[in-house]
Amino acid sequence: MRRITMRDFRWMGRPSVWEKDYRQVKLEVEAHMSLPNGPLLLAVSDESFMFEAKLNVPCEGGFTGLCVYHLDTTFAAVGMSRQEIEMHTSIAGFHSRAVIARPFGQDEATWLLRRSSALLTIGYRSEEQEIWIGNFQLPGVEQSISFGPYFTNATEQSMQGWMHSIRYTKEA
């Protein structure tokens, strides 16, 4: 069984200020960063798995969450801020973004990603309850997928972002 660790994650849209070690990553998300240009930290897997990671929950104007990435034109992401949840997809360059008002009062959330063959499901855990938000089937990810946290910032100032406590489990 292959094990994904923090060392397996590589930057796409690397931030100018960041630090990463075997336990966590901390970064400064620059102003006006959006998907897919904002910081993405991606690992690759070709198996069915469950992934979880703790990410910060930014204030209004920023989102953090998990992204499944194939190309700049094909990806799916689900994230949250303190006030909203967003679902963002791009398939062959056709973009769709939905934002749902949902207050979240904690500094961080445990994000979940399940890959079962071609089905990708993204959600988070709240008080030991799993809340699954998006189910996706993206073209081009049948063999392997790139996945990991994303960080966006629509404000005028930079904001902090972080990820820690990752866990990757192969599923049968």
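1. In this predicted model, Phe 104 has a relative accessible area of 10% and is therefore buried, the limit for that class being under 20%. Phe 104 forms an aromatic pair with Tyr 124, and the geometry is edge-to-face, with 5.8 Å centre to centre and 90° between the planes. The pair links distant parts of the chain, since Phe 104 belongs to the loop between β9 (94-101) and β10 (108-116), whereas Tyr 124 belongs to strand β11 (residues 119-126), 20 residues apart. Tyr 124 is likewise counted as buried, because its relative accessibility is 1%.

2. A search of the whole structure for aromatic pairs returns 10 of them. One of these joins Phe 9 to Phe 147, again edge-to-face, at 5.9 Å centre to centre and with 80° between the planes. Phe 9 sits in the segment before β1 (10-12) and Phe 147 in strand β13, so this pair ties together parts of the chain that are 138 residues apart in sequence. Both Phe 9 and Phe 147 are buried, and ring pairs also place them in a cluster together with Phe 49, Phe 51 and Tyr 168.

3. Phe 147 reappears in the description of the nonpolar interior, where the largest core has 38 residues and where Phe 51, Met 80, Trp 111, Leu 113, Ile 122 and Phe 147 are the residues with the most contacts inside it. Strand β5 (residues 49-56) supplies the largest share of this core, namely four residues. Another core lies apart from it and has nine residues, including Leu 35, Leu 42, Tyr 69 and Ala 77.

4. Strand β13 (residues 145-153) also holds Pro 149, which has a relative accessible area of 0% and is for that reason classed as buried. When its neighbours within four places in sequence are left aside, Pro 149 is in contact with Phe 9, Pro 39, Leu 40, Leu 41, Leu 55, Gly 65, Leu 66 and Met 163. For Pro 149 and Gly 79, which are 70 residues apart in sequence, the separation in space is 9.0 Å from C-alpha to C-alpha.

5. A further position that may be inspected alongside Pro 149 is Thr 89, a residue of strand β8 (residues 84-91). Thr 89 counts as buried because its relative accessibility is 17%, against a limit of under 20%. Not counting residues up to four places away in sequence, Thr 89 touches Phe 75, Ala 76, Phe 94, His 95, Ser 96 and Phe 136.

6. Turning to the sheet architecture, seven strands make up an open sheet with antiparallel pairing, in the order β2-β3-β14-β5-β10-β11-β12. At the edges stand β2 (18-20) and β12 (129-136), each of which pairs on one side only, and from one strand to the next the twist averages 20°. The strand β5 that contributes four residues to the largest nonpolar core is placed between β14 and β10 in this order.

7. The edge strand β2 is paired with strand β3 (residues 24-29) in the antiparallel sense, over three bridges, and the bridge partner of Lys 20 in β3 is Val 25. As a separate remark on ring contacts, Arg 23 lies over the face of Tyr 22, at 5.6 Å from the ring centre.

Note on methods:
Residues numbered from 1 in each chain as written. Predicted model: local features only at pLDDT ≥ 70, side-chain atom pairs only at ≥ 80, totals over all residues. Heavy atoms only, no water. Core = buried A, V, L, I, M, F, W, Y, C linked by side-chain atoms within 4.5 Å. Buried < 20%, exposed > 50% of the residue type's maximum accessible area, 1.4 Å probe, protein only. Helix = DSSP H or I, 4+ residues; strand = E, 2+ residues; numbered from the N terminus. Contact = heavy atoms within 4.5 Å. Pairing = 2+ DSSP bridges. Axes fitted to C-alpha atoms, helices over the stretch in contact; angles between N-to-C directions. Phe/Tyr/Trp six-rings, centres within 6.5 Å; stacked < 30°, edge-to-face > 60°. Lys NZ or Arg CZ within 6 Å of the ring centre and 35° of its normal.
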